[in-house]
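Trainee: I would like to go through this protein step by step. Please show me the structure before we begin.

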Amino acid sequence: ARQPIGPYFYGYHPTDFYHMQVRGAESCLFVDQTVPATDYVAQIDTFVAATEDQTGNYRYGLAFRVSGNDYYALVISPLSQTWQVLKSQPGCIRLVTEGAVTTLRGNQSGLRDRLAVVANGPEFALFINGELVTQLVDGDYTAGNIGFFIGTLDQPYIHIHFDTVKVWSLPDNVPPSQVTPANNDTYPRDSALCGG
């Protein structure tokens, strides 16, 4: 997009970054990028370019297994130093699991955070700045693209940049690992689907 579309603005800053912007509290936007692999390692570098104030919370990150409006997302919130795994389902976005991480740098201007996922069938291993933050199994979405996700929560404006994006195909013979099954009933907090 070369100009904002309502509260949303997204696209490339040639040749430097992919950027996404949202105006309005409790709003979110995601875009997807085609990935030719079924099972993959995906990694992005991302940082906060601008916010309207220093106290409102927001989240942003890496979406994976994207197919239409179905996807998972590993998102970070640098103000609260927390991460979440979200699952977009018909009619809502569900919180799957969450935790704290002490290595987030995104609230310092221009410093990048690196998010990565190993997606092997229904198994996922999720990393932030090289630290494994969670592993889970969820068989609902076992194929799909990657993408970017941003959400304002109570922050009225955010502008996020996505820098280096790398995707590697997993070999066909990667064995299944022992990871923790997702329990969607543990975190029953749902939010509305993204409006963008």
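Mentor: One term comes before the rest: contact means heavy atoms within 4.5 Å. The model is predicted, so local features need pLDDT of at least 70 and side-chain atom pairs count only at pLDDT 80 or more, whereas totals for chains, interfaces and linings use all residues. Residues are numbered from 1 along each chain as its sequence is written, and side-chain values use heavy atoms, with hydrogens and water left out.

Trainee: How many helices and strands are there in the protein?

Mentor: Helices (H or I, at least four residues) and strands (E, at least two) are DSSP runs, numbered from the N terminus. Read along the sequence, the pattern contains β elements throughout. The count is 0 helices and 14 strands.

Trainee: In what order do the 7 strands of the open sheet stand?

Mentor: Two strands pair if DSSP finds at least two bridges between them. Strand 1 and strand 2 (residues 17–23), for example, pair over 6 bridges in the antiparallel sense, and Tyr8 faces Val22 in strand 2. Pairing in the open sheet is antiparallel, and the order is 1-2-13-4-9-10-11.

Trainee: Which strands stand at the edges?

Mentor: An edge strand here has a single partner strand, so one side of it is left without a neighbour in the sheet. The two are strand 1 (8–13) and strand 11 (131–137).

Trainee: Which residues have the most contacts inside the largest nonpolar core?

Mentor: A nonpolar core is a set of buried Ala, Val, Leu, Ile, Met, Phe, Trp, Tyr and Cys residues joined through side-chain atoms within 4.5 Å. Buried means under 20% relative accessible area, exposed over 50%, partly exposed in between (1.4 Å probe, protein chains only). The largest core has 39 residues, and those with the most contacts inside it are Ile128 and Ile150.

Trainee: Which residues is Ile150 in contact with, leaving aside its neighbours within four places in sequence?

Mentor: Some of them lie before residue 30 in the numbering, including Met20, Gln21 and Val22. The rest of the list is Ser27, Cys28, Leu29, Arg59, Tyr60, Ile158, Ile160 and Phe162.

Trainee: Is Asn145 buried or exposed?

Mentor: Asn145 belongs to strand 12 (residues 145–151). Among the residues that Asn145 touches are Asp32, Tyr40 and Ala63; Ala63 is 82 residues apart from Asn145 in sequence and 8.3 Å apart in space, C-alpha to C-alpha. With a relative accessible area of 16%, Asn145 is buried.
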